[in-house]
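Hello,

I am passing a structure on to you, and I thought a short tour might help you find your way around. Please have a look at it first, and then read on.

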Amino acid sequence: MTQQLSERVLNMATSATLAMAAKARELRAEGKDIIGLSLGEPDFNTPDFIKDAAKEAIDQNYNSYSPVDGYADLKQAVINKFKRDNGLTYTPNQIVVSTGAKQSLANVALAVINPGDEVILPAPYWVSYSDIVKIAEGVPVEVQTSIENDFKMTAEQLEAAITPKTKMIWYSSPCNPSGSVYSKEELESLAAVLRKHPNIIIVSDEIYEHINFGEGHTSIATIEGMYDRTVTVNGVSKAFAMTGWRIGYIGAPEWIARACNKMQGQITSGANCIAQRATITALEAPVEKIKFMIDKFHERRDLVLGLLGEIDGFQLNVPEGAFYVFPNISSFFGKTIKGKKIENASDFSLLLLEEANVATVTGEAFGNPNCIRISYAASEAELKEAIKRIKEVLS
């Protein structure tokens, strides 16, 4: 039979983070001692109080299809969380619970974007943004930021990127991959531009909200004129160490939320029922119950920055959130190291994997060809050993 795959899937990039993780697993299976710093996944176990809630849900026989957009009491827990943590007021019809925040983003794209619509992506951006936009037949418009500005888009850059075809802007804060956090003042300056263009929809990805080491988190939907046009995306995977539970959610204008509910109803229906019950307990818990993880990430950030700062050629800034550093390594381009010519960030990342046995991710996957992403969601011993290996290879 002739293989007849769709142009959609043929033109789609493979997730670079998942591809690097798969490559690392292959090398481990061959007996190599690979330290994985490529996946955006906390290395903590899900807290016991959340696991206990899941066990209780099983005993209570939660095993049937749930409402497409989530259990009513979970949606209320989401509403309470938005009010408590973000100062945002939503109704149940504005909430949609999905199988991870990635599905939340895909729902929004498929529900809102028409062919040819432009979506502004401040680069670097999370690896899947661009391809999700393309799947919805939109056009990603990358806005390049710099390490000198902590990888944050300015109001002037936003204004310059807007065209009559601009439909949306997507961004994350804290940012994956850079760890950058937009301050309230910076978001207000972006909002001042957006108020001049009232039809542009904002997608604010706040999945790393609680992993924040700076002055705190601001949701752009709280800024004047932004609430009725902002989709706030969040979930429990990062702050609660629940990546495999696959629960994300949005708070959005009702017309967008209803469209996402309709879209999800034809693709997956409701998210896992046991995971939904556990998520109620996670969201209702005070943030102090997960602070030990946030404090540990803060310690690791400082450790990694200190160790990487000892390696000539790494240009670093200080990320204020998430659990990544995003060093500029373009000083190595054009050099030959261990017999390998380094032409770009992908070459450099592959060098570290093959010669240092350390898995990172090329910045090209995030829209920045001069950087690599290093996750510090690993033990201090692993981080120290990984950076020691990197230093030895590069010296």
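Below is what turned up, starting with the sheets and ending with a few unusual spots in the backbone.

One thing to keep in mind from the start is that this is a predicted model.

**The seven-stranded sheet**

A good place to begin is an open sheet of seven strands, in the order β2-β8-β7-β6-β5-β3-β4 and with mixed pairing. Strands β2 and β4 (139-144) are at its edges; each has a single partner strand, so one side of each is left without a neighbour in the sheet. From one strand to the next, the twist averages 20°.

Strand β8 (residues 248-251) is worth a closer look. Which way do its residues point? Gly-248 and Ile-250 point one way, while Tyr-249 and Gly-251 point the other way, and all are buried. On one flank, β8 pairs with strand β2 (residues 95-98) in the antiparallel sense, over four bridges. Within that pairing, Val-96 has Ile-250 as its bridge partner in β8, and Val-97 has Tyr-249. Strand β7 (residues 230-235) also pairs with β8 in the antiparallel sense, again over four bridges. Here the bridge partner of Val-233 in β8 is Ile-250. If you click on Ile-250, you can therefore trace a path through three strands, since it is the bridge partner of Val-96 and of Val-233.**The three-stranded sheet**

There is also an open sheet of three strands, ordered β9-β14-β13, with antiparallel pairing. Its edges are β9 (324-325) and β13 (361-362), each with a single partner strand, so one side of each is left without a neighbour in the sheet. The antiparallel pairing of β13 with strand β14 (residues 372-375) runs over two bridges, and Thr-362 has Ile-372 of β14 as its bridge partner.

**Two helices that cross**

Next, please look at helix α5 (residues 101-112) and helix α9 (residues 254-265), which pack at an angle of about 105° with their axes 9 Å apart. That angle makes α5 roughly perpendicular to α9. On the α5 side, the contact is made by Gln-103, Asn-107, Val-108, Leu-110, Ala-111 and Val-112, and on the α9 side by Ile-256, Ala-259, Cys-260, Met-263 and Gln-264. What classes of residue make up this contact of α5 with α9? By class, there are eight nonpolar, three polar and no charged residues.

**The nonpolar cores**

In soluble globular proteins, nonpolar side chains tend to be buried together. In this model, the largest nonpolar core has 109 residues. Those with the most contacts inside this core are Met-168, Trp-170, Val-231, Phe-240, Phe-314, Phe-348 and Leu-394. Phe-348 makes a handy starting point: leaving aside neighbours within four places in sequence, Phe-348 is in contact with Phe-314, Ile-329, Phe-332, Ile-342, Ile-372 and Leu-394. Apart from the largest core lies another, of 20 residues, with Ile-120, Ala-155, Ile-162 and Ala-191 among them.

**Around Lys-167**

Lys-167 sits in strand β5 (residues 166-172). Which residues does Lys-167 touch, not counting those up to four places away in sequence? They are Val-112, Asn-114, Asp-117, Glu-118, Asn-199, Ile-200 and Ile-201. Val-112 has already come up as one of the α5 residues in the contact with α9. To get a feel for distances, you could also select Ala-345: Lys-167 and Ala-345 are 178 residues apart in sequence and 31 Å apart in space, C-alpha to C-alpha.

**Unusual spots in the backbone**

Most residues other than glycine have a negative phi, and most peptide bonds are trans. With that in mind, here are some exceptions to look up.

- Ala-123 and Pro-124 are joined by a cis peptide bond, with omega at about 10°. Pro-124 belongs to the loop between β3 (118-123) and α6 (129-135).
- Ser-173 and Pro-174 are joined by a cis peptide bond as well, with omega at about -10°. The loop between β5 and α8 (184-194) holds Pro-174.
- Phe-151 is not a glycine, yet its phi is positive, at about 60°. It is found in the loop between β4 and α7 (155-161).
- Arg-246 likewise has a positive phi, near 60°, in a residue other than glycine. Its place is the loop between β7 and β8.

Are Phe-151 and Arg-246 buried or partly exposed? Phe-151 has 4% relative accessibility, so it counts as buried, the cut-off being under 20%. Arg-246 has a relative accessible area of 32% and is partly exposed.

I hope you enjoy exploring it.

Best wishes

Note on methods
Residues are numbered from 1 along each chain as its sequence is written. This is a predicted model: local features need pLDDT of at least 70, side-chain atom pairs count only at pLDDT 80 or more; totals for chains, interfaces and linings use all residues. Side-chain values use heavy atoms; hydrogens and water are left out. Axes are lines fitted to C-alpha atoms, for helices over the stretch in contact, and angles run from 0 to 180 degrees between N-to-C directions. Angles under 35 degrees count as roughly parallel, over 145 as roughly antiparallel, 65 to 115 as roughly perpendicular and the rest as oblique. Contact means heavy atoms within 4.5 Å. Ala, Val, Leu, Ile, Met, Phe, Trp, Tyr, Cys and Pro count as nonpolar, Asp, Glu, Lys and Arg as charged, and the others, Gly among them, as polar. Buried means under 20% relative accessible area, exposed over 50%, partly exposed in between (1.4 Å probe, protein chains only). Two strands pair if DSSP finds at least two bridges between them. A nonpolar core is a set of buried Ala, Val, Leu, Ile, Met, Phe, Trp, Tyr and Cys residues joined through side-chain atoms within 4.5 Å.
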